Amino acid sequence: MPDILVIKPSSLGDIVHGLQVIQSLRDQMDGCRISWVVRDCFAPLLNKCGTVDEIIIYHRYGGWRKFLSLLREIREHEYDTVIDFQGLARSGLMTFASRSKQKIGRTDAREFTRLAYGKKAPLPEGGKHSHAIEILLQFLPLLHCEPRLSSGLEFNKNKPSNIQHQILDENTLLFFPESQRSEKEWDKYPSLTEKILKESNDLSIIWCGVSRLESPTLTQSERFYNLTGETGIEELIYLITNARLIVANDSGPIHLAAALGVSVVAIFGPTQPERFGPYPLDDPQHHVIRAPGGDLGGLDSKTVFQGIMDALGQLL
């Protein structure tokens, strides 16, 4: 049974991409066992995913004592293969500390990390501007597997206790107004929300996110729910799985939705959807709206509204 350690501590979208690639590895390599080093805040995602057998927690803000403890934990077990998907100094130290016959990392790794690897996955034909998943797929041939995605991800989708049963139905849209970086945040979700609720009689909207956001002024608030500040990983998986459509900035939820086969409208500003958009880019369920000139300030709510209506029309 091949015993494999994957090092990919963050972020949400990157972890989802890594899970998709490792699930393909599991599909092609019978009987392998997967351990995964992940930040504590993302551990619930892996706990609910059948792709991973063991989770090793990385405490990002635990100080050097916690980090040394993590290195000791990694070193306690000898792995057949260690895969560093992250390619940064900390992940390189984790890889270096591990005991393994085979250590594989990224050709484009930074901060002297490449010194920890015995093998490096080459970049795809598109080079460093390729989609993030295409870059990770190049690890698979080094493990005698085809560089392709296979079966989808399976999550435990049990309903969290704090989600009311009446807020989700086949006409629910999930909005994710925030992103990890402020320059990727479109600021017109309030006016978009009001426009949709005013011009449709059956659609309801749920705002989701880690940080609490002030609700817009609504005339029909019975079809709007603000769950920002209350949306952890458990809630995220359940809500996305049961929603009709996801509307989000360039952020982790678009990648989780794409991996779960849920239709998504992704709003992009300064970042490139060719590299960071919902994968695969040609999937008819994936709709990308690009701000003119990459400036989200120039993207109006009317344009996004029309994009959402077009996406909903394809779901009929």
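How are H3 and H4 oriented to each other? They are oblique, and the details come a little further down.

## Ground rules

This is a predicted model, where local features need pLDDT of at least 70, side-chain atom pairs count only at pLDDT 80 or more, and totals for chains, interfaces and linings use all residues. Residues are numbered from 1 along each chain as its sequence is written, and side-chain values use heavy atoms, with hydrogens and water left out.

Helices (H or I, at least four residues) and strands (E, at least two) are DSSP runs, numbered from the N terminus.

## Helix H1 and the turn before it

Start with H1, residues 12-28. At 1.5 Å a residue its 17 residues should span 24 Å, and the end C-alpha atoms sit 25 Å apart, so the two values agree. The expected span here is 1.5 Å times one less than the number of residues. Of those 17 residues, 13 are buried, so H1 is largely enclosed by the rest of the structure. Buried means under 20% relative accessible area, exposed over 50%, and partly exposed in between, with a 1.4 Å probe and protein chains only.

Just ahead of H1, check the backbone: Ser10 and Ser11 are joined by a cis peptide bond with omega about -10°. Ser11 belongs to the loop between strand S1 (3-7) and H1.

## Two helix pairs

Two packed helices are described by the angle between their axes and the distance between the axes. Axes are lines fitted to C-alpha atoms, for helices over the stretch in contact, and angles run from 0 to 180 degrees between N-to-C directions. H3 (residues 63-75) and H4 (residues 89-97) have axes that come within 8 Å and cross at roughly 40°. That makes the pair oblique; angles under 35 degrees count as roughly parallel, over 145 as roughly antiparallel, 65 to 115 as roughly perpendicular, and the rest as oblique. The crossing of H3 and H4 is right-handed, i.e. the near helix is turned clockwise from the far one by less than a right angle (anticlockwise would be left-handed). On the H3 side, Phe67, Leu70, Leu71, Ile74 and Arg75 meet Arg90, Leu93, Met94 and Ala97 of H4, contact being heavy atoms within 4.5 Å. By class, that's seven nonpolar, no polar and two charged residues. For the classes, Ala, Val, Leu, Ile, Met, Phe, Trp, Tyr, Cys and Pro are nonpolar, Asp, Glu, Lys and Arg are charged, and the others, Gly among them, are polar.

The other pair is H6 (residues 189-199) with H10 (residues 301-315), packed at about 50° with axes 9 Å apart. H6 and H10 are therefore oblique too, and H6 passes H10 in a right-handed crossing. H6 brings Ser191, Leu192, Lys195, Ile196 and Glu199, while H10 brings Ser301, Lys302, Val304, Phe305 and Ile308. This contact has five nonpolar, two polar and three charged residues.

## Ile135 in H5

Ile135 sits in H5 (residues 132-137) and counts as buried, at 8% relative accessibility. Leaving aside neighbours within four places in sequence, Ile135 is in contact with Arg106, Leu123, Pro124, Gly127, Lys128 and Ser130. Ile135 and Arg275 are 140 residues apart in sequence, yet 9.7 Å apart in space, C-alpha to C-alpha.

## Backbone oddities in the loops

Phe112, in the loop between strands S7 (103-106) and S8 (119-121), has phi near 65°, a positive value in a residue other than glycine. Phe112 is exposed at 74% relative accessible area. His144 also has phi near 65°, lies in the loop between H5 and strand S9 (172-176), and counts as exposed at 77% relative accessibility.

Finally, the peptide bond from Tyr279 to Pro280 is cis, with omega near -5°. Pro280 lies in the loop between helix H9 (273-276) and strand S14 (286-290).
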